[in-house]
Number of protein chains: 2
Amino acid sequence: METFSIGRAAIDVGVSTRAIRLWEARGLIPPAQRTASRYRLYSEADLSSMKFIRQAKLLGLTLGEIKRILETRQAGTVPCDEVRRLIDRRVADIDCTIAELTRLRATLDVARCHSQTPAMDPASNGVCLIIETANPLDS
Amino acid sequence: METFSIGRAAIDVGVSTRAIRLWEARGLIPPAQRTASRYRLYSEADLSSMKFIRQAKLLGLTLGEIKRILETRQAGTVPCDEVRRLIDRRVADIDCTIAELTRLRATLDVARCHSQTPAMDPASNGVCLIIETANPLDS
DNA sequence: ATAGAACGTTGCCCGTGGGGCAAGGTCAAT
DNA sequence: ATTGACCTTGCCCCACGGGCAACGTTCTAT
């Protein structure tokens, strides 16, 4: 069975070696097999597992969420329902974030173009009217 | 001159006492005056300064950016040009983030509704087809 | 006056997902 | 044998505080 060093694995999976060690420390992947000199060794199955993690991360799941998915799967259960719930939550979260950012963007636009935003009088106590007169709509 | 404890200041400014201490440690506000028993004391001017920081934070500026703005102002320069640049960058950043999130949202929508996304065969080696067959458009 | 509540002080560890660097051990090719 | 590329662990760093500990101070009520 072919094995891969952490560097090869990182290139193959498309992440950094740091990420792989972090995933191990966080329990997303089991402690790697080691050579006599303590080098980590990975199998193709390990690479597949890491590719799943990378893919899940690209979808915006956190390491904690991914860990739970993997644990569910390892317990023999198909985690698709859980995944669907996570994705639903994530979508709701994204919508919320987009709405917030859109509001903030509008506020910044208004502030920046605020009728020739008078420059702060250097002698006054204020710092910058662009900021001080802005009216954030965010909660 | 009326002075305020850190708790009063926090309430008046609308932030936590932790935040105020952090801003001091980060150099956004000068080390507070102290009572004989080392309690921090703030003047109205201090409160104004903190309100500026809070306002700038609401606009999405980082503590580092705010610090530089305050330093510019303290050097006697009106920081409005700098602020305008920061806001421009922030707006560009927001647009970029919104675009990314929109793409991700679309990917998640497709993945979730992926024609009755077949449940993973518990005997296979995969984890979850919803994730494995998703096709993130993000870079 | 004194007890206890409410406030203040420092300090440390936690999160997210690693990056950067250091000081060293190992492997491959020349 | 040496050199360069790789690996190991460990520690501190990023933003912005939250939570808790252990302890000192001030205020309030009885």
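**DNA strand C**

Begin this tour by selecting the residues near DNA strand C: this surface comprises five nonpolar, eight polar and five charged residues. The model in the viewer is a predicted one.

Keep DNA strand C in view and colour its surroundings. Which residues are the closest to this strand? Of the 18 residues that surround DNA strand C, the closest are R18(A) and A19(A) from one chain, and S5(B), G7(B) and R40(B) from the other. Next, highlight the elements to which this surface belongs. Chain A offers α2 (17-25) and α4 (63-74), and chain B offers α1 (6-13); each of these elements gives two or more residues to the surface near DNA strand C.

**DNA strand D**

Now turn to DNA strand D and select the residues around it, of which there are 19. Those that come nearest are S5(A), G7(A) and R40(A), with S37(B) and L63(B) from the other chain. Which elements supply at least two residues each to the surface near DNA strand D? Select α1 (6-13) in chain A, then α2 (17-25) and α4 (63-74) in chain B, for these are the elements concerned. Colouring this surface by residue class shows six nonpolar, eight polar and five charged residues.

**Where the two chains meet**

Hide both DNA strands and display chain A with chain B. Here 44 residues of chain A are in contact with 44 residues of chain B. On the side of chain A that touches chain B, select α3 (44-58), α4, α5 (80-113) and α6 (129-132) of chain A, each of which gives two or more residues. Which element provides the largest share of this side? The answer is α5(A), with 18 residues. By class, the side of chain A that touches chain B contains 27 nonpolar, nine polar and eight charged residues.

**Chain A by itself**

Finally, isolate chain A and colour it by secondary structure. The chain has six helices and two strands. Following the sequence, the viewer should show the order α-α-β-β-α-α-α-α.

Rotate chain A to examine its overall dimensions. Its C-alpha atoms fill a box of roughly 75 × 40 × 20 Å along the principal axes. The radius of gyration of chain A is 24 Å, whereas a compact globule of 139 residues would have a value near 14 Å.

Two further values complete the view of this chain. Buried residues make up 25% of the 139 residues in chain A. Among contacts in chain A with a separation of 6 or more, 47% join residues 24 or more positions apart.

Key: Residues numbered from 1 in each chain as written. Chains lettered and ligands numbered in written order. Predicted model: local features only at pLDDT ≥ 70, side-chain atom pairs only at ≥ 80, totals over all residues. Near = placed C-beta within 6 Å. Helix = DSSP H or I, 4+ residues; strand = E, 2+ residues; numbered from the N terminus. Nonpolar A, V, L, I, M, F, W, Y, C, P; charged D, E, K, R; others polar. Contact = placed C-beta atoms within 7 Å. Rg over C-alpha atoms; globule rule 2.2 N^0.38 Å. Buried ≥ 20, exposed ≤ 12 C-beta atoms within 10 Å, placed from the backbone.
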